[in-house]
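Reader: I've got a model open and would like to talk it through. Can you walk me around it?

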Amino acid sequence: MKFKNKVVVITGASSGIGEASAIEFAKNGANIVLVGRKKSKLIDVEKKLSKYKISTLCCECDVSQKTQVKELSNQVLDKFGRIDILVNNAGFAIYGPVSDQSIEEIESQMHTNYFGMIYCTKNFLPKMLEQNSGHIINVASVAASFGLPGIAPYCASKFAMLGFSEGLRHELKGTNVKVTIVSPIMVRTNFFDHPSFSSMPKYSPASLSAKTVAKAVLRATNSSRLEIIVPSVVRGAVWAKHTFPFIVNPIIGSAIRKRLSSKTSYSSSSGDGASALEPTSKSSSSFNSN
Ligand SMILES: NC(=O)c1ccc[n+]([C@@H]2O[C@H](COP(=O)([O-])OP(=O)(O)OC[C@H]3O[C@@H](n4cnc5c(N)ncnc54)[C@H](OP(=O)(O)O)[C@@H]3O)[C@@H](O)[C@H]2O)c1
């Protein structure tokens, strides 16, 4: 796909993979709609795009709120009259064993990561079908293929995203509307600034830059694949997990479970998992380390 004058809507565009994707699309001449919950952060990204000769729109929107997503689609279609690429990227994780996460924390991850993607898809898909063109890119994770201790609710939201995307893709066969998932391994972004991650080592040496993933997002718009795993070598690990789960799952489970035993716990006062969590001194080790 050529990007010049295309309309690209990116959720979670105020930092990390979303911001880097906005820059890459803008470099290629696309018009960009930046979506996030804080207007000031979106305006900072918009300033970085000002050197490219494109149109931009900043939309303050919490994708977990369906009325706000409806308003977002109205704003986009009023301004541009079309949408060519929807990048469902907004997402977050809370780190900790299921026994320590409140129901509201678990729900909040599903509301943003899964239902946020559903609300955006439902509001923009009719226009794509009317145009008979468009590409939905869902930013999942390798956690869509591995149920990992410490981020089980997050994994569930990404597994759900994968299943929904695969089913929708089948439904859209015969139209010119495509669906592709981009599933990276660990990426160096603000994702790990959530207080629940404070006991974790910051990044693994194999972690990716947001720009690397953004380039994969652009490539995905020209791909006929369901899922693009970044880096592609990790596809082998996903294959091994599905082919030999009885060997691979115990190895992964025991390696990652050990980290949970030293985790600090967090109390939650509302369903907003991204902002309502305060550190507590309670130590948690609901899982045995081996
Ligand atoms: N970093 C990794 O290792 C990694 C690996 C695999 C997959 N991913 C996925 O990549 C995506 C982007 O994450 P990132 O690594 O770039 O993290 P990030 O830097 O924390 O970016 C997350 C973005 O999502 C936005 N956001 C969060 N909740 C939102 C909501 N309810 N409504 C609208 N926007 C919301 C944030 O902006 P505001 O807070 O201002 O709203 C921010 O722009 C996520 O879906 C994540 O699951 C990340």
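Author: Sure, starting with a term: a residue counts as near a molecule or strand if its C-beta atom, placed from the backbone, lies within 6 Å of it. This is a predicted model, where local features need pLDDT of at least 70 and side-chain atom pairs count only at pLDDT 80 or more, while totals for chains, interfaces and linings use all residues. Residues are numbered from 1 along each chain as its sequence is written.

Reader: How many residues surround the ligand?

Author: The closest ones are Gly12, Gly16, Arg37, Gly91 and Thr189. Helix 1 (16-27) and helix 4 (103-131) are the elements giving two or more residues to this shell; helices (H or I, at least four residues) and strands (E, at least two) are DSSP runs, numbered from the N terminus. The full count around the ligand is 30 residues.

Reader: Which element gives the largest share of that shell?

Author: By class, the shell has eleven nonpolar, 15 polar and four charged residues. Here Ala, Val, Leu, Ile, Met, Phe, Trp, Tyr, Cys and Pro are nonpolar, Asp, Glu, Lys and Arg are charged, and the others, Gly among them, are polar. The largest share is three residues, and they come from helix 1.

Reader: How are helix 1 and helix 6 oriented to each other?

Author: Their axes come within 8 Å and cross at roughly 60°, with axes being lines fitted to C-alpha atoms (for helices over the stretch in contact) and angles running from 0 to 180 degrees between N-to-C directions. Under 35 degrees is roughly parallel, over 145 roughly antiparallel, 65 to 115 roughly perpendicular, and the rest oblique. So helix 1 and helix 6 are oblique.

Reader: Which residues of helix 6 does helix 1 meet?

Author: Contact means C-beta atoms, placed from the backbone, within 7 Å. On the helix 1 side, Gly16, Ile17, Glu19, Ala20, Ser21, Glu24 and Phe25 take part. In helix 6 they meet Ala210, Lys211, Val213, Ala214, Lys215, Val217 and Leu218.

Reader: In what order do the seven strands of the open sheet run?

Author: Two strands pair if DSSP finds at least two bridges between them, and the pairing in this sheet is parallel. Strand 3 (56-60) and strand 7 (227-230) pair on one side only, as edge strands. The order is 3-2-1-4-5-6-7.

Reader: At what angle does helix 1 run to strand 1?

Author: Helix 1 lies across strand 1, strand 2, strand 4 (85-88) and strand 5 (134-139). Its angle to strand 1 is about 170°.

Technical notes:
Two residues are in contact if their C-beta atoms, placed from the backbone, lie within 7 Å.
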